[in-house]
Amino acid sequence: MSAWPGKYVIGLTGNIATGKSVIRKMLEHLGAYGIDADALGHRAIARGAPGYQPVLNTFGRWILSPDGEIDRARLAKIVFDDPEALSRLEAIVHPMVTQAVDLLVRRSRHKVIVVEAIKLLGIRFACQM
């Protein structure tokens, strides 16, 4: 049984600059509802969002830009050089993104939904056996 009965959810993944966004936009043009999971991840750690303080608590205030937002370039320097740090960040952000994707899929009136993500986050796209 599908996690989203009556809906076809396509997980679109790949490395940076492989054309994920182009394919998502093409599918949207054909009538699918598109979800950008990477954008949801960025929103999850924006100032005032649920992931903001946990990320600061984990990585320190030095990752803040002068305007108080998390400087993603500074954060990237930490997490892309340290697999353990990346796992800690993913443990904060991925549950929020997964929850947001689930909510958006459930609320969508579209039958076909495409989720663009650099990682599929353990979201169940296929039928469960």
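## The fold at a glance

Starting at the N terminus, the elements of this chain run β-α-β-α-α-α-α-β. That comes to 5 helices and 3 strands. Keep in mind that this is a predicted model, so treat every value here as something computed from it.

The C-alpha trace spans about 45 × 30 × 25 Å along its principal axes. The chain has 129 residues, and 37% of them count as buried.

## The largest pocket

If you're hunting for open space, begin with the largest pocket, which holds about 730 Å³. Its lining takes in 26 residues. Which of them lie nearest the centre of this pocket? They are D38, H42, F80, L89 and I118.

Several helices share the job of lining the largest pocket: α1 (20–29), α2 (37–44), α4 (72–79) and α5 (83–107) each give two or more residues. The most comes from α5, with 6 residues. By class, the lining of the largest pocket splits into 15 nonpolar, 6 polar and 5 charged residues.

## The second largest pocket

Next comes the second largest pocket, with a volume of about 200 Å³. You can pick out its lining by eye: L40, R43, A44, P50, M96, A100, L103 and L104. Here α2 and α5 are the elements that give two or more residues, and α5 has the largest share, with 4 residues.

What classes of residue make up this lining? The second largest pocket has 7 nonpolar residues, no polar ones and 1 charged one. Helix α5 thus turns up again, giving the most to the lining of the largest pocket and the largest share to that of the second largest.

## A nonpolar patch on the surface

Over on the surface, Y8, I10 and V112 form a nonpolar patch. Together these residues have about 280 Å² of accessible area.

Y8 sits in strand β1, which covers residues 8–12. Is Y8 buried or exposed? Its relative accessibility is 59%, so Y8 counts as exposed; the cut-off for that label is over 50%.

## Salt bridges, pair by pair

The model has 7 salt bridges in total. One of them links the side chains of E69 and R47, at 3.9 Å from N to O. E69 lies in the loop between α3 (52–59) and α4, while R47 lies in the loop between α2 and α3, so this pair ties together parts that are 22 residues apart in sequence. Both partners count as partly exposed: E69 has a relative accessibility of 26%, and R47 has 47%.

D71 and R74 make another pair, with their closest N and O atoms 3.6 Å apart. D71 is partly exposed at 21% relative accessible area, just as R74 is partly exposed at 30%. For D71, the label rests on the cut-off for buried, which is under 20%.

## A bridge within α5, and a network

R88 and E84 also meet through their side chains, in a salt bridge of 3.4 Å from N to O. How many residues apart are R88 and E84 in helix α5? They are 4 apart, which means that about one helical turn separates them. R88 is partly exposed, with a relative accessible area of 35%, whereas E84 counts as exposed at 55%.

There is also a set of salt bridges that share partners. These join R24, E28, D36 and E116 into one network.

## A spot in α1

Last stop: S21, which is found in helix α1. At 29% relative accessibility, S21 counts as partly exposed.

Where does S21 stand relative to G34? The two are 13 residues apart along the chain, and their C-alpha atoms are separated by 9.5 Å. Helix α1 has come up before, as one of the elements that give two or more residues to the lining of the largest pocket.

Key:
Residues numbered from 1 in each chain as written. Predicted model: local features only at pLDDT ≥ 70, side-chain atom pairs only at ≥ 80, totals over all residues. Heavy atoms only, no water. 1 Å grid on protein atoms, 1.4 Å probe; cavity = no way out; pocket = protein on both sides within 12 Å on 5 of 7 lines; lining within 4 Å. Points joined across faces, edges and corners; volume = space filled by probe spheres on them. Nonpolar A, V, L, I, M, F, W, Y, C, P; charged D, E, K, R; others polar. Patch = residues over 30% accessible without salt bridge, like charges linked within 9 Å, V, L, I, M, F, W, Y side chains within 5 Å. Areas by Shrake-Rupley, 256 points an atom, 1.4 Å probe, with all protein chains shown as cover. Salt bridge = Lys/Arg side-chain N within 4 Å of Asp/Glu carboxyl O. Buried < 20%, exposed > 50% of the residue type's maximum accessible area, 1.4 Å probe, protein only.
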